Amino acid sequence: MTEAEAALRNLSIPAGGPNGMSRRTFLQALGLGAGAMGAGAAIGSNVLERLEAFGVSSTTANDGILVLVMLDGGNDGLNTVIPYADANYRTLRPSIRYDAPGTGANAALDIGVAGFGLHPSLVQLRQRYAQGQVAIVNGVGYQPPDMSHFSWMGYWMNGWSTAPPNSYANGWVGRYLDTLAGAASDELLGVCVGQTVPLHMVGSVARAAGLPTSLSDAFGMDRSTTSDVRLFDTIAGYSTASTGLDQWGDSYARTMKGVLDLATRVKPAYAQPNDSNDDIVRQLTLVARLINAGLGTRVFHTHLGGFDTHADQRPQHADLMGAFDRGIAAFYATLQAQFQNNVTILTFSEFGRRPEENQAGTDHGTASVNFVIGTNVKGGMHGTPPGLAPAKLDRNRNLVSTVDFRTVYATMLRDWLQVDPLPILGGQYPSMDLIARAPNVDPPGTSVPPPRGATVHRARRTRVKTP
Amino acid sequence: MAPLSAQDAAHLLRRSGFGGGWGAAPNDLTAFTGMELTDAVELVLSPANVAADPPPAEYADPNKGDWERVWALTGWWFERMRTGRVTGRTAGAPQASPLQEKMTLFWHGHFASSEDKVNNATHMYDQHHAFRSLGLGNFQDLALAITTAPQACEAMLRYLDNDPNEKENPNENLSRELMELFTMGVNNYTQDDVTAGARAWTGYNIDDTDTGNHTFRYYPERHDTGMKTLLGVTAAWDGPGMVRHLCTGTTVNPVTNEAPTVTTSKYVARKIWSFLAYPIPSTDPLVASLAANWRTNGLNVTALLRDVFTRPEFYSTTAKHGLLRSPVEFVVAILRSTGLAIDQAIPWDLGEMGQQPFYPPNVAGWKQNGYWLSTSAAWYRANYVQNNVRWGVNDRPAPKFLSWTGWVGGTYPMTPAQAVDSAFATCGVTEVSAGTRTRVVDWLTAQRAASNSPAFEWRDWQWLNLATNVFLSPEFQLA
């Protein structure tokens, strides 16, 4: 793989990706082809207006919503779901290990599983685990490992079964969004909270919106005077024809049109303050508000960085686990009751960390754990924890993964988002038993959630063929 | 080669610095237009009479916190980028060299360290100073300074956790990123090389006893003096030896079947070309050609830049349309267009735009083009223009911005087309597409038609709206 590819893989919209695609490709992808192109800007404008009509801006009651939490830097799975009773773990981690539950300050939290406990900062997550709403997937990774942050995050984001067919031109969530009606026109089908749109949120035609955690007096939001509207419309209008500046001029024009479209749509989610000290709390609070606003988003991306704990790991990792725990709690505190059974949260990280500590930190490793959180997941331990005995480790003394990460994706796609994973992942992966009930099916023994807010318009989405 | 056209002169000045068409003539653009290319490039490369870079007073204020000190550095750096020029620098009142500031920005993204983890404004300034003072010299010297020179290397040693790297517990962070991101690129080494490099870097720590300054210190007793096999060469490697081998080593690396100096020169030359001209893959023939010349020139960065700026491809349409302005470049271009100083248009939301100086997102630095084009990042560019140009500029202290007399030289009244042409030219845009021009002229005509005053006065707010249109046009986004 070339450096150019490497440079494109992470946290960037690739060259030739949807924002960069030519107008011809864009129209062809929509089945409109070169004929529509030939008619020039006027037709192009109509095409874009027609596409707007596709943008069904709500989910149906039975749609699943997936919220991704990226733990950036390589989260230490061994100190997240802790094999405290394993003698090898205790030997390999003399200064950063956690002990059996109830044994003092550095004790793991009891989850009722022999030999395993949660990181002590995951207090609220443990309660949720006890309610059967947290699935822990052990041993998740990728073979062969290469231990570069950027290569491995690229693999996770791309999610294709083999060497990527298109030099990492798109990612697994983007290819899922491509299958939805309005994929090319409705940016809110996928939302990335933060400044960039990572590769996994980019499809062949779909492009996820980026949204900041707070907005006030933002450009395009106040359309109360005709003079302002005239200015906004002029700037949005650059996207209706080629700018004559090639890929990046056209991409910019489309992005600014996206901004001005979003300005009128996302306003309700920004009405209240969002000012926690924890960025991940702000991000997940915004996600819950966007879901509550009924904007039709199917996949959200959020990001918690700082997991590259080569040194001084214990306090840093504890802070991060605490922030994550508060983020999940804030999300559920904000999410309206009628959406609770529609949401599943999935965490991911590029790799775990080396079993043997380097004094007070850990170098890059391989397998790690994923959390799958929600009312409709099948709680408990899944997958197989990789062994820590010397003979079980690989030649670099790292864990040998037991679950291919695309198996987790396939499960989310097939059992939660209810699409065929094959064309999205490029290979057959079985489902793990992570989803207990389809979206919007109530857990047994719970009361029926209150009816949805009457103000939220809902229309049934029509699926279109994948272009 | 032929004399530089105005378009090519403007392109060279934008890419080698932050643009040259602003301010009253004679400015850099008027000086460069019609000049022989090689003469123009020598001027750009010349560091004569460049201002020194003593940090600002707020940085040195012991009562300021770390974040405030770094923020002071940020504003100070913006002022250097805003006011720098190629021509007209004098010994008495020297100005920054635009190329030097541009390459400081490049090296900041290449040898990336973030205050977010370093947590020490002094270390961040020292590293920044090394980028500026060494960034046009020898690449190996720069790489050595960033990793091993006192009062230059501390930020990187802390950022990549070499501080606790000791022979009993080697830490792989610096070793890996040195090879993956700073010199050769990914997949050109093995995990065994990472492990060997980690041992080579043992003992290059921060002085335990120097609790005030936290300066670099080499602890011989913490260094692993044993033999290590690095890229096929077995020796008692140490940190500086590893850097030298990666930069100029000629023993063939079994992973790549080429010498490390070849791999590194290609990796860095490709990155510099991509930063200044347009992104290219490693397979582009330009890469090997630039790298071979660069090695011939002893990895002198100025020599590489001379090669870049004199290639025909650098003046191609691919190059002219090939890069979007990064947020830093975007803000600097607005400051230079308007004459506003940084404290008259403070970019509080650089992080939301995607590029906060001294806080790169990770050790790989910032990427290009599509990286800046999320709706959230673009939105904050628009917010910056709205907050600092469209609203409230007239409340700011002098120089008063964009009053029509100051801006266009006093012809009154103008037609909308004249006003639009004047606005783009004043903001350094030398090529405006017919589509953009028509759109902005139509907008201004409609504004005029809707005006209460039949005579349609060119009041400041119309100019501010017009400037907003220019700053948010596709043309202004191109670097």
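User: Let's start with β3 in chain A. How many bridges join β3(A) to β4(A)?

Analyst: This is a predicted model, and in it β3(A) runs antiparallel to strand β4, residues 116-118 of chain A. One of the pairs sets A:Val113 against A:Phe116 in β4(A). The count of bridges joining β3(A) to β4(A) is 3.

User: What is the strand order of the open sheet of 3 strands in chain A?

Analyst: The pairing in this open sheet is antiparallel. Its edge strands are β2 (81-82) and β3 (109-113) of chain A, each pairing on one side only. With those two at the edges, the order reads β2-β4-β3.

User: Moving on to β5 of chain A, how many of its residues are buried?

Analyst: β5(A) covers residues 134-141. It pairs antiparallel with β10 (residues 368-373) over 5 bridges, and it runs parallel to β11 (residues 380-383), with 4 bridges. A further 2 bridges join it to β12 (residues 403-404), again in parallel. The strand is mostly covered, and its buried count is 8 of 8.

User: Which residue is the bridge partner of A:Val137 in β10(A)?

Analyst: Other β5(A) strand partners give some context: A:Ile136 stands opposite A:Met381 in β11(A), and A:Gly141 faces A:Asp404 in β12(A). On the β10(A) side, the bridge partner of A:Val137 is A:Asn370.

User: Where is A:Pro144 found?

Analyst: The peptide bond leading into it, from A:Gln143, is cis, with omega near -5 degrees. That's worth a second look, because most peptide bonds are trans. As for its place, A:Pro144 sits in the loop between β5 and α7 of chain A.

User: Is strand β6 of chain A covered on one face or both faces?

Analyst: Take residues 190-193 in turn: A:Gly190 and A:Cys192 lie on one side, with A:Val191 and A:Val193 on the other. The four of them are all buried, so with a cut-off of 20 or more other C-beta atoms within 10 Å, the covered faces of β6(A) come to both.

User: Which residue in β7(A) stands opposite A:Val193?

Analyst: β6(A) has parallel partners in β8 (residues 299-305), joined by 3 bridges, and in β7(A), also over 3 bridges. Toward β8(A), A:Val191 stands opposite A:Phe300. Toward β7(A), the residue opposite A:Val193 is A:Leu211.

User: Now the contact between the chains. Which element gives the most to the side of chain A that touches chain B?

Analyst: The contact takes 61 residues from chain A and 56 residues from chain B. Elements giving two or more residues on the chain A side are α1 (3-9), α7 (149-158), β7 (209-211), α9 (226-236) and α10 (246-265). With 11 residues, the top contributor is α10(A).

User: And how many charged residues does the side of chain A that touches chain B have?

Analyst: By class, that side has 29 nonpolar and 27 polar residues. The charged ones number 5.

User: In chain B, at what angle do the axes of α15 and α16 cross?

Analyst: The pair is α15 (residues 285-296) and α16 (residues 301-309), with axes that come within 9 Å. The crossing is right-handed, and B:Leu290, B:Asn293 and B:Trp294 meet B:Ala303, B:Leu304 and B:Asp307 there. That contact has 4 nonpolar, 1 polar and 1 charged residues. The crossing angle is roughly 145 degrees.

User: B:Gln151 and B:Phe358 both have a positive phi. Is B:Phe358 buried or exposed?

Analyst: Neither residue is a glycine, with phi at about 55 degrees for B:Gln151 and about 75 degrees for B:Phe358. B:Gln151 has 16 C-beta neighbours inside 10 Å, so it counts as partly exposed. B:Phe358, in the loop between α19 (350-353) and α20 (375-390) of chain B, has 22 such neighbours and therefore counts as buried.

User: Last one: over which residues at the start of chain A is the pLDDT below 50?

Analyst: Chain A averages a pLDDT of 85, and 82% of the residues score at least 70. Where pLDDT is low, the predicted coordinates should not be read in detail. One such stretch is 449-467 of chain A, where pLDDT stays under 50; the other one asked about is residues 1-57.

Note on methods: Residues are numbered from 1 along each chain as its sequence is written. Chains are lettered from A and ligands numbered from 1 in the order in which they are written. This is a predicted model: local features need pLDDT of at least 70, side-chain atom pairs count only at pLDDT 80 or more; totals for chains, interfaces and linings use all residues. Two residues are in contact if their C-beta atoms, placed from the backbone, lie within 7 Å. Ala, Val, Leu, Ile, Met, Phe, Trp, Tyr, Cys and Pro count as nonpolar, Asp, Glu, Lys and Arg as charged, and the others, Gly among them, as polar. Two strands pair if DSSP finds at least two bridges between them. Axes are lines fitted to C-alpha atoms, for helices over the stretch in contact, and angles run from 0 to 180 degrees between N-to-C directions. A crossing is left-handed if the near helix is turned anticlockwise from the far one by less than a right angle, and right-handed if clockwise. A residue is buried if 20 or more other C-beta atoms lie within 10 Å of its own, exposed if 12 or fewer, and partly exposed in between; C-beta atoms are placed from the backbone. pLDDT is the predictor's confidence in each residue, from 0 to 100.
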